[in-house]
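Me: I am new to this structure and would like a close look at one part of it. Please take me through how its helices pack, and explain the terms as you go.

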Protein chains: 2
Amino acid sequence: MQAFEIYGGVGGFWTYGPPGAAVKQNLIALWRKHFIVEENLLEVDDTNIMPYDVLKTSGHVDRFSDFIVKDSKDPNIFFRADKLLEDVMDARMAAKETTPELKQEYQRVKNQADAYSKDELWVVFQKYQIKSPDTGNDLTEPVAFNLMFPTPIGPSGMLQGFLRPETAQGIFLNFKFCLEQNAGQIPFGVAQIGKAFRNEIAPRGGLIRQREFTQAEIEFFCKPGDKPHPKFAGVASLAMQLHPHQQQLAGEGTVTMTLGEAVAQRTIANGTLGYFIARTFLFLVRAGCLAEHIRFRQHLPDEMAHYAADCWDAEIEMSLGWVECVGIADRSAYDLTCHGKATKTSLTAQVDLDKPITIESYALTKKAEGLIGKQLKGAGPKVKEYLQGLDEATLKALVAKAEADGAATVSVDGEDFSLSKELLECESKTETKHVEVFVPNVVEPSFGIDRIMAAIFEHTFYTREAEGGDAAAASAPPTDDGKKKKKGKEEGSDDKQKPNVLGFPAEIAPYKAVILPIQLNLIKDNATAYAAALDTLRTKLTDNGLQYKVDESGASIGRRYARADELGIPYAVTIDFDTLGKSDDPSKAGTVTLRDRDSTSQVRLPLTDVADTLTKLSTAHPLTFADLMAAYGTGSLPAATPAAPAGGASGMLEYFAQHGLTAKLNAAVNALGKEKPDDPIAFLVAALQKM
Amino acid sequence: MQAFEIYGGVGGFWTYGPPGAAVKQNLIALWRKHFIVEENLLEVDDTNIMPYDVLKTSGHVDRFSDFIVKDSKDPNIFFRADKLLEDVMDARMAAKETTPELKQEYQRVKNQADAYSKDELWVVFQKYQIKSPDTGNDLTEPVAFNLMFPTPIGPSGMLQGFLRPETAQGIFLNFKFCLEQNAGQIPFGVAQIGKAFRNEIAPRGGLIRQREFTQAEIEFFCKPGDKPHPKFAGVASLAMQLHPHQQQLAGEGTVTMTLGEAVAQRTIANGTLGYFIARTFLFLVRAGCLAEHIRFRQHLPDEMAHYAADCWDAEIEMSLGWVECVGIADRSAYDLTCHGKATKTSLTAQVDLDKPITIESYALTKKAEGLIGKQLKGAGPKVKEYLQGLDEATLKALVAKAEADGAATVSVDGEDFSLSKELLECESKTETKHVEVFVPNVVEPSFGIDRIMAAIFEHTFYTREAEGGDAAAASAPPTDDGKKKKKGKEEGSDDKQKPNVLGFPAEIAPYKAVILPIQLNLIKDNATAYAAALDTLRTKLTDNGLQYKVDESGASIGRRYARADELGIPYAVTIDFDTLGKSDDPSKAGTVTLRDRDSTSQVRLPLTDVADTLTKLSTAHPLTFADLMAAYGTGSLPAATPAAPAGGASGMLEYFAQHGLTAKLNAAVNALGKEKPDDPIAFLVAALQKM
């Protein structure tokens with residue numbers, strides 16, 4: 001919801017209330033599991049406020065700007081130039097009279113909108129005669145507006161700070177420390193999750209373009225060169241929709257190919273980039289996005305930063321169109337090089353060479369270096385540094401000139417120095433190296449958590465057919481195709497409307513379960529027994545760290561299921577008269593029904609199993625509801641009362657537990673366990689017979 | 001470490017590098033489990049940047065200041081007045097010539113240092129002749145400095161924003177929405193975890209006084225009055241060190257009492273406050289703080305905000321002395337009342353009354369209200385509002401005057417209105433109410449996550465006696481008393497220094513385990529088998545979401561244990577020749593040793609059990625290492641080789657799995673399970689015999 005709503009709100013600031021905040025937390029926890037734990041990444045937690053120097057070096061002070069165009073007659077009407085250009089191109093493409101050729105041209109302009117320089121933008125605005133949309137007035141020439149929020153640090157206010165525009169810089173700053181923590185080993189990755197801030201000119205689209213938002217970024221540091229990834233083979237056969245820059249410039253659509261193909265034919269620049277594209281895709285699907293509405297778009301050559309080797313955006317299709325949600329860029333060695341230079345710190349890594357290599361170099365002799373220092377005094381060091389920085393050919397030319405003319409002139413920092421040939425004495429040197437030292441390249445997957453949240457809400461939302469629908473459809477697990485219009489039969493539902501469902505995966509659902517007494521009479525007539533059952537459930541759920549809701553309202557059970565469906569709660573636990581032993585079937589005492597939101601199927605299981613079952617249903621390699629139905633039978637059908645010890649040998653142990661025989665069984669097994677049995681079956685039979 | 005270190009750093013900004021960032025994340029996750037899940041709190045996630053209006057209402061624009069005193073001869077030397085006062089009082093108390101009476105006086109002044117107003121501070125500074133510490137110059141009169149970081153919002157820069165000084169305001173702003181989400185039920189609590197920002201005058205003490213820090217706050221909304229808490233009985237018998245304001249003002253120390261006593265005798269104002277003091281204490285201990293170094297200090301009457309009913313700080317003793325880490329305040333209805341007034345929003349809740357009550361009131365008749373509107377035109381509404389706001393006695397006096405004189409004059413917003421007696425016609429009304437409407441009171445536990453981190457690092461750190469020490473001491477579990485100087489014997493340690501250990505509880509440890517090949521030859525000679533074992537471990541640990549480290553360096557096993565101890569890793573998994581089936585004892589194939597950091601005890605268990613065992617060892621209601629030793633025996637002692645199927649019936653199932661018999665066993669059990677067996681033992685025997 002809009003932040004500060006009771007104060008009228010401020011554009012670009014949004015608050016996650018309950019249960020949105022819980023979904024966001026779960027999504028971040030899932031990201032941590034999917035990336036940090038899986039890839040063994042290091043994590044840093046840097047500050048939101050950063051000083052001027054850091055952001056000057058990173059280029060944000062000079063270049064982190066958008067361009068504003070203003071209405072020439074009313075300076076209070078202004079637009080973000082690239083977004084206005086995109087909107088105008090969209091409108092012209094949609095116009096009836098537009099020819100296919102023009103359409104392609106407009107599409108190209110739109111694709112490049114945020115890559116144009118100030119001057120290019122002005123040319124394009126003039127070429128297409130773009131006016132102020134509502135007034136029709138002319139627009140002013142674009143002016144740059146820096147998007148960082150400034151804030152002064154300290155009581156004197158003399159130290160300029162900014163709110164960070166991205167979390168990535170905090171990783172580069174701590175590269176050296178992280179490399180040490182990783183015992184100098186490369187490749188390795190570092191992650192940071194946190195807020196970033198951009199003082200957007202025209203925030204819009206709800207969660208899509210906020211002034212304060214949450215990023216999750218990885219910098220994966222690797223050796224320059226081919227950049228293969230050790231785990232790439234595991235994802236090579238994964239196929240997805242790619243939109244390479246050639247297709248975009250030709251106005252063509254996406255192509256579907258495997259990542260193995262894409263990397264082999266260099267559509268994707270290298271294996272590390274390809275690996276993170278794959279992991280990103282798998283993450284988005286695991287979080288609830290529909291695979292068919294995810295594509296990876298390559299940046300156009302003009303759109304990419306000059307230092308970037310290749311860059312792909314994960315775009316997700318939502319009601320607003322295809323929205324960039326993740327950027328995965330090969331940023332070469334740019335960032336570490338800049339920060340290293342600015343701070344005179346060596347931000348390098350090294351690897352052992354398989355065999356030592358010999359390097360020949362051509363450089364000043366020690367003697368010449370000494371003479372430069374002596375003769376040029378204070379200017380000596382900078383002249384020496386200048387000469388050391390020259391490439392071999394230039395240096396050789398200089399030496400030749402000095403030998404021919406007796407001296408050669410160099411210009412350093414605008415000052416001319418005439419150097420005699422003694423000062424330019426050089427020699428060829430040979431050096432043997434056992435390690436290779438380099439500034440690591442980085443591949444940077446950068447996630448916009450809020451945008452992914454928006455996609456999840458849209459993709460998991462569906463409307464259930466309230467009445468009718470056949471049982472087979474109702475119990476089918478959700479699929480990509482079926483989700484948006486799934487049929488399901490809700491037993492006992494008294495609601496004629498088609499109910500809305502948020503089909504969050506259990507891993508990110510805000511509550512894992514809702515607990516429901518079947519009807520209010522149950523509580524009224526059995527207060528103590530009900531309280532005891534509820535308490536058992538609560539305690540075990542809390543112990544397992546599972547959030548739940550209790551709905552003790554007087555609404556019908558169907559109505560309460562529907563309410564939980566709207567909140568995206570994946571499972572409902574119903575306490576009924578059977579649970580409390582108040583029915584004709586005493587075998588059901590101590591059991592509850594567990595209902596699956598998406599299939600609306602139910603199983604009946606011991607109340608004491610609920611928490612552990614929900615834990616398994618909500619983790620990385622989950623138990624599926626189908627497994628559960630196989631183990632416990634379907635509780636909602638009267639015929640399918642499950643045989644007590646179903647569920648294989650584990651179910652058997654449960655059954656022993658229910659009969660209070662666990663300790664006895666354990667003792668028997670342990671007593672025999674002192675000797676090593678040859679035949680497990682005979683052994684267990686012997687143990688049982690001793691009980 | 002200091003933030004932006006390669007750029008020279010900026011005071012008051014700190015970065016958590018690995019593994020500190022991971023510890024912080026785990027601490028926050030633990031907080032979520034301990035408070036949000038346990039208390040079923042709602043969670044919000046509001047913005048860091050907040051607009052002027054919100055912080056004007058909350059009082060932060062006007063009053064969130066510290067006082068600066070400057071050296072009268074050098075304005076670049078300045079001090080935070082209250083902290084300078086505290087330091088001076090500390091120094092004077094420590095002086096030899098100080099009498100006990102003076103000591104008490106200085107202690108009182110110190111305790112009140114941050115509660116003095118600007119004028120009071122100046123009086124105190126003059127009374128005690130406080131000078132600029134290094135120069136001995138006079139100090140200037142204190143001036144207020146607002147601690148919020150300002151930042152402009154939007155391209156015009158016309159909207160003033162600030163970085164939030166606390167996370168609490170974001171909860172109050174969203175109270176209405178949260179109450180709806182809670183179906184109108186009260187009491188309930190809302191939590192927020194996030195960054196807060198204070199532009200400290202003199203940041204110091206590392207993590208203790210930062211300019212950017214992490215808070216975790218709860219606002220627990222409840223009905224005004226006695227404020228009992230439904231779960232108070234569960235914590236009433238918990239005893240802890242309290243420092244009530246009477247004892248502080250008398251210069252006396254803490255008293256130890258149970259919370260039941262403290263609430264009963266009104267030392268702590270109410271049960272809700274007492275409950276959260278208890279939960280806070282339990283959280284701190286669970287996170288690794290030592291109980292004997294935790295105390296709760298009550299705010300002095302002068303120190304508390306005027307609206308607060310009672311306030312207690314959890315103080316933790318560290319090398320810097322007793323540091324306030326958590327504040328738990330009963331803030332009455334102050335915040336909701338302010339925001340409600342400022343936004344003309346009704347921030348109230350209601351509860352059903354057990355029996356309806358009748359309320360009598362005395363107010364203008366409808367007819368009089370109509371006449372006021374007609375006769376006073378534009379001024380009508382404000383005059384009506386003024387009259388409605390009068391208490392009964394004042395209104396009756398006014399009516400009496402109008403009846404006596406024909407009219408009465410009232411002054412509204414500086415304007416006088418003469419009201420005829422017709423306009424002041426009043427009547428007594430009787431109303432029956434079934435619900436009680438009120439502005440909820442809040443109890444606010446507010447946690448400084450970074451300070452708690454600092455305490456955990458200090459309290460869990462200990463030095464192990466490297467050589468010698470007796471086995472009994474070595475295997476004793478850590479206790480409050482023993483932790484700081486625990487003896488432990490490290491088998492195979494080749495290090496003569498006393499090794500340092502960070503005894504993090506497993507729940508917050510950055511890595512749950514380190515995986516160690518016993519020596520490098522193991523890998524060299526058995527590359528494939530080792531890789532397979534490692535891969536099995538990695539996959540299961542990742543599936544369980546557990547972070548781990550692998551140490552394949554050439555250092556001795558003892559040295560690598562010691563390294564892991566320094567990082568606070570609670571368990572070490574060692575892969576040895578037995579694991580790979582390369583020893584004389586084939587029964588140990590597929591098993592590894594698991595070493596406990598604090599006791600240095602070891603058990604030997606199946607490699608496939610490791611991940612689930614670690615999960616249990618690192619959760620809320622953990623398995624203890626003693627349980628594990630009972631189940632598996634102690635692996636480090638040669639005599640105690642565990643029999644293969646130890647571990648009771650569950651271990652038995654593992655054993656079946658190792659023999660590839662799981663599917664067969666499950667099938668046999670399931671086949672028989674169709675009928676309900678009477679005798680579980682006979683049933684399982686029958687199943688086994690069919691295999």
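Reply: Here is a walk through the helix packing, with some surroundings at the start and the end.

This is a predicted model, in which local features need pLDDT of at least 70 and side-chain atom pairs count only at pLDDT 80 or more, while totals for chains, interfaces and linings use all residues. Residues are numbered from 1 along each chain as its sequence is written, chains are lettered from A and ligands numbered from 1 in the order in which they are written, and side-chain values use heavy atoms, with hydrogens and water left out.

Let us begin with chain A as a whole. It holds 25 helices and 26 strands (DSSP runs numbered from the N terminus: H or I of at least four residues for helices, E of at least two for strands). Of its 691 residues, 53% are buried (under 20% relative accessible area, with exposed meaning over 50% and partly exposed in between, using a 1.4 Å probe and protein chains only). Among its contacts (heavy atoms within 4.5 Å) between residues at least 6 apart in sequence, 69% join residues at least 24 apart.

Now to the helices. In chain A, the axes of α1 (residues 20–37) and α16 (residues 449–460) come within 11 Å and cross at roughly 110°. Axes here are lines fitted to C-alpha atoms, for helices over the stretch in contact, and angles run from 0 to 180 degrees between N-to-C directions. The two helices α1(A) and α16(A) are therefore roughly perpendicular (65 to 115 degrees; under 35 is roughly parallel, over 145 roughly antiparallel, and the rest oblique). α1(A) passes α16(A) in a right-handed crossing, meaning that the near helix is turned clockwise from the far one by less than a right angle, whereas anticlockwise would be left-handed. On the α1(A) side, Gly20(A), Val23(A), Lys24(A), Leu27(A) and Ile28(A) make the contact, and α16(A) brings Ile449(A), Asp450(A), Ile452(A), Met453(A), Ile456(A) and Phe457(A). These divide into eight nonpolar, one polar and two charged residues (Ala, Val, Leu, Ile, Met, Phe, Trp, Tyr, Cys and Pro are nonpolar, Asp, Glu, Lys and Arg charged, and the others, Gly among them, polar).

Chain B has its own crossing to look at: the axes of α1(B) and α16(B) come within 11 Å, at roughly 110°, and the crossing is right-handed.

A second pair in chain A is α13 (residues 366–376) and α14 (residues 380–389), whose axes come within 8 Å and cross at roughly 145°. This crossing is right-handed. Glu369(A), Ile372(A) and Leu376(A) of α13(A) meet Gly380(A), Val383(A), Lys384(A), Leu387(A) and Gln388(A) of α14(A). Here the split is four nonpolar, two polar and two charged.

Ile372(A) also leads to a loop residue. Leu423(A), in the loop between β17 (415–420) and β18 (426–438) of chain A, touches Leu364(A), Ala368(A), Leu371(A), Ile372(A) and Gln375(A), leaving out residues up to four places away in sequence. With 1% relative accessibility, Leu423(A) counts as buried.

To finish, a glance at the core. In soluble globular proteins, nonpolar side chains tend to be buried together. The largest nonpolar core has 98 residues, and Phe4(A), Phe188(A), Phe221(A), Phe4(B), Phe188(B) and Phe221(B) touch the most other members (such a core is a set of buried Ala, Val, Leu, Ile, Met, Phe, Trp, Tyr and Cys residues joined through side-chain atoms within 4.5 Å). Beyond its neighbours within four places in sequence, the contacts of Phe4(B) include Met50(A), Leu173(A) and Phe13(B).
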